[in-house]
Amino acid sequence: MSSGATILYIDDDVLLLDVVRRYFEHRDYTVFIAEDGEQGLLLCRLHQPDVVLVDLNLPVMDGFTVIRRLSEEYPNIATIVLSAEGEMDSVIKALHTGAWHYLTKPIENYEIIRHAVTQCLEKSVLLKQNEAYQLGLEKKLWKLFEHFPGFVLVCDRDMTINYMNPMLIDYLGRERLGVQCVSAFQAAGSERSWWPVELSLSTIDRLEIQNPNDQSWYDVTKLAIKDHHDEIIEYQIIMIDITKQKQEMAELQEKQAILKDENLRLLGSLAERYRFGNLVGKSSVMQEVYKTIIRAGRTDASVILYGESGTGKELVARSIHDNSNRADKPFVCVNCGAIPENLIESEFFGYKKGAFSGAELDKNGYLDVADTGTIFLDEVGEIPLNMQTKLLRALEGGGYTPLGSTELKNPNVRVIAATNRDLKNLVRAGKLREDFFYRIHVIPIVLPPLRERSGDIAILIEHFFEQFSPEKKIRLSPNMIRALEHYSWPGNVRELQNTIQRYLAIGKIDFMALEDPALLASIEYDLGFAYDDQSLSASLDAVEKKILFACLEKFNWHQTKAAKALQIDRKTLYRKLRHHNIDR
């Protein structure tokens with residue numbers, strides 16, 4: 001870099017001045033020379049050189065003063081010190097004052113000066129380019145400020161406003177320019193300013209403030225702008241209206257407080273309860289289940305329900321949803337084991353018309369339907385491995401794309417899963433992804449089989465009587481209830497429910513397998529009759545009908561054997577059957 005560059009050389013050595021001038025002019029530099037510091041500064045103002053060579057020992061104005069003045073007035077002009085040997089302390093002082101480089105006299109090889117000049121010119125070009133770039137950034141920044149949808153102000157160190165963007169001018173008025181922030185943010189006729197004193201402290205750079213006049217809230221960020229000496233010269237302040245976010249947060253906190261109070265109330269009353277939503281039971285194991293349901297309802301964490309078939313996993317999932325802040329949002333049940341593997345992706349993610357043969361209409365998937373609510377994945381261990389990967393991505397925020405579509409959807413769903421299998425064994429067997437397991441296995445709830453809560457059977461029987469025959473007051477005898485409590489109930493609560501329904505339909509209780517024949521005999525002949533305000537004749541008639549029906553059922557409708565067991569003849573039996581309209 002040489003052609004076109006301008007050099008100013010300040011030195012009281014006239015011979016050296018002439019030699020250096022001719023050396024650089026011969027190489028297409030423009031060179032100005034001065035014999036003292038004052039003349040040098042004058043030439044610098046007139047010609048704005050790219051590089052200044054200056055000796056420290058100058059008449060009229062010494063080299064240190066020249067360097068300081070150049071650094072203050074022309075910070076982008078490169079300054080090179082020429083000093084005699086033995087003046088190293090002075091060189092260091094000159095560099096601290098603002099010099100860019102130094103060379104030691106006497107100069108035996110002028111290429112050394114030229115190399116130093118070239119280095120300084122390259123640095124100067126970079127600085128000028130950076131300055132131009134910074135200037136461009138500032139212009140863009142100010143343009144951004146002009147259109148910023150919030151308040152922007154620039155203040156000096158005393159917090160006096162030097163700039164306001166148009167939005168703040170409209171809000172405060174142009175006359176607030178040149179006024180300290182404390183006074184500027186004071187409503188007309190009010191003695192109180194809503195500008196926080198804390199923002200005037202250099203240690204505070206962000207806080208939230210409220211305007212008491214209109215109850216609006218602002219997030220305020222203060223940025224200190226410093227010079228090259230690391231001294232603060234001004235503050236840039238941005239104020240963003242967060243009133244809506246504050247209101248939404250307050251509403252959410254209020255809902256959470258209400259939900260918390262309700263949960264505490266429920267927890268406090270559980271000891272006296274035998275029913276929780278559609279769940280029935282007062283045993284200690286069920287009380288623990290109720291408590292866990294309430295705790296799970298407070299969060300959005302995933303829940304996994306473990307339990308044998310028929311233990312009420314779907315009812316528990318529904319109760320968790322109903323006790324959460326998603327209670328008014330969709331609750332979608334998915335039987336994962338009932339979906340064919342070739343259809344499972346379209347069922348979960350949906351599809352667009354024409355995505356495959358038979359796709360005649362757009363269809364929303366389970367995740368679309370459950371969005372903002374809860375999805376219940378029953379038999380979750382039956383989901384194929386490749387679908388586990390896609391589901392995990394969708395639930396972890398990666399989203400999903402319906403078949404035949406390019407639209408990426410991100411569901412907001414709470415996951416409750418259920419299984420009657422050991423998921424850890426499935427992970428070890430390679431049938432369940434470990435990352436998918438940890439995604440769904442956050443809050444585990446184990447539902448006890450009915451055989452481990454036999455004390456709840458009487459309550460469940462009463463519940464099913466009320467559910468299936470509310471118009472009649474039906475009771476079972478203690479003998480029958482004892483028999484039911486001794487049964488192992490492999491089908492759990494669902495089997496008990498079906499047994500009670502069958503009893504109400506045909507007047508008979510039977511089981512898939514009953515271990516104690518004596519208990520079966522007691523059930524077959526214990527009719528569980530309860531008086532319901534009928535006459536004696538009508539009540540006896542009802543009992544007789546039940547006895548006849550039960551006896552015929554026992555002997556597979558063999559009337560001779562039934563008559564013999566009842567100790568009546570066949571004609572009497574036949575007449576009674578006609579009277580009660582009993583016909584197989």
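What follows is a walk through selected local features of this predicted model, from backbone geometry in the loops to buried polar side chains, one helix face and a pocket.

The backbone offers a convenient place to begin. Most residues other than glycine have a negative phi, and most peptide bonds are trans. Against that background, the peptide bond that runs from Lys-105 to Pro-106 is cis, its omega being near -5 degrees. Pro-106 has its place in the loop between strand 5, which spans residues 101-105, and helix 5, which spans residues 110-147.

Two residues other than glycine can be added for their positive phi: Gln-48, with a value near 45 degrees, and Val-60, with a value near 70 degrees. Gln-48 belongs to the loop that joins helix 2 (37-47) to strand 3 (51-55), while Val-60 sits in the loop that runs between strand 3 and helix 3 (63-73). In terms of solvent accessibility, Gln-48 is partly exposed, with a relative accessible area of 42%, whereas Val-60, at 64% relative accessibility, counts as exposed.

From the loops we can turn to polar side chains in helices, beginning with Thr-243. This threonine is found in helix 8, which covers residues 243-269, and it is buried, because its relative accessible area of 14% falls under the 20% limit for that class. Where do the polar atoms of the Thr-243 side chain find partners? One polar atom of the side chain of Thr-243 lies 2.9 Å from the backbone nitrogen of Trp-217, and the side chain of Thr-243 also makes a polar contact, at 2.6 Å, with the side chain of Asp-241. When residues up to four places away in sequence are not counted, Thr-243 touches Gln-215, Ser-216 and Trp-217, so that Trp-217 appears both in this list of contacts and as the owner of the backbone nitrogen just described.

Gln-388 can be read along similar lines. It is found in helix 13, residues 385-398, and at 0% relative accessibility it counts as buried. A polar atom of the side chain of Gln-388 lies 2.7 Å from the backbone nitrogen of Arg-433. Leaving aside neighbours within four places in sequence, Gln-388 is in contact with Ile-383, Lys-431, Leu-432, Arg-433 and Phe-436.

Burial can also be followed along a helix. In helix 17, which comprises residues 478-485, Met-480, Ala-483 and Leu-484 are buried. These three residues cover an arc of only 100 degrees around the axis, which places them on the same side of helix 17. An α-helix has 3.6 residues a turn, so residues three or four places apart point the same way.

The last stop is the second largest pocket, which holds about 550 Å³ of space. Of the 23 residues that line this pocket, the closest to its centre are Gly-310, Thr-311, Gly-312, Lys-313 and Leu-315. Which elements each supply at least two residues of the lining? They are strand 12 (279-280), helix 10 (313-322), helix 16 (457-468) and helix 18 (492-506), with helix 16 giving the largest share, namely four residues. By residue class, the lining of the second largest pocket divides into seven nonpolar, 10 polar and six charged residues.

Methods: Residues are numbered from 1 along each chain as its sequence is written. This is a predicted model: local features need pLDDT of at least 70, side-chain atom pairs count only at pLDDT 80 or more; totals for chains, interfaces and linings use all residues. Side-chain values use heavy atoms; hydrogens and water are left out. Buried means under 20% relative accessible area, exposed over 50%, partly exposed in between (1.4 Å probe, protein chains only). The arc is that of the directions from the helix axis to the C-beta atoms. A polar contact is a pair of N or O atoms within 3.5 Å; within protein, one must be able to donate a hydrogen and the other to accept it, and residues adjacent in sequence count only if both atoms are side-chain atoms. Contact means heavy atoms within 4.5 Å. On a 1 Å grid over the protein atoms alone, a cavity is a set of points where a 1.4 Å probe fits but cannot get out, and a pocket is an open set with protein on both sides within 12 Å along at least five of seven lines; lining residues have an atom within 4 Å of a point. Grid points are joined across faces, edges and corners, and a volume is the space filled by probe spheres set on the points. Ala, Val, Leu, Ile, Met, Phe, Trp, Tyr, Cys and Pro count as nonpolar, Asp, Glu, Lys and Arg as charged, and the others, Gly among them, as polar.
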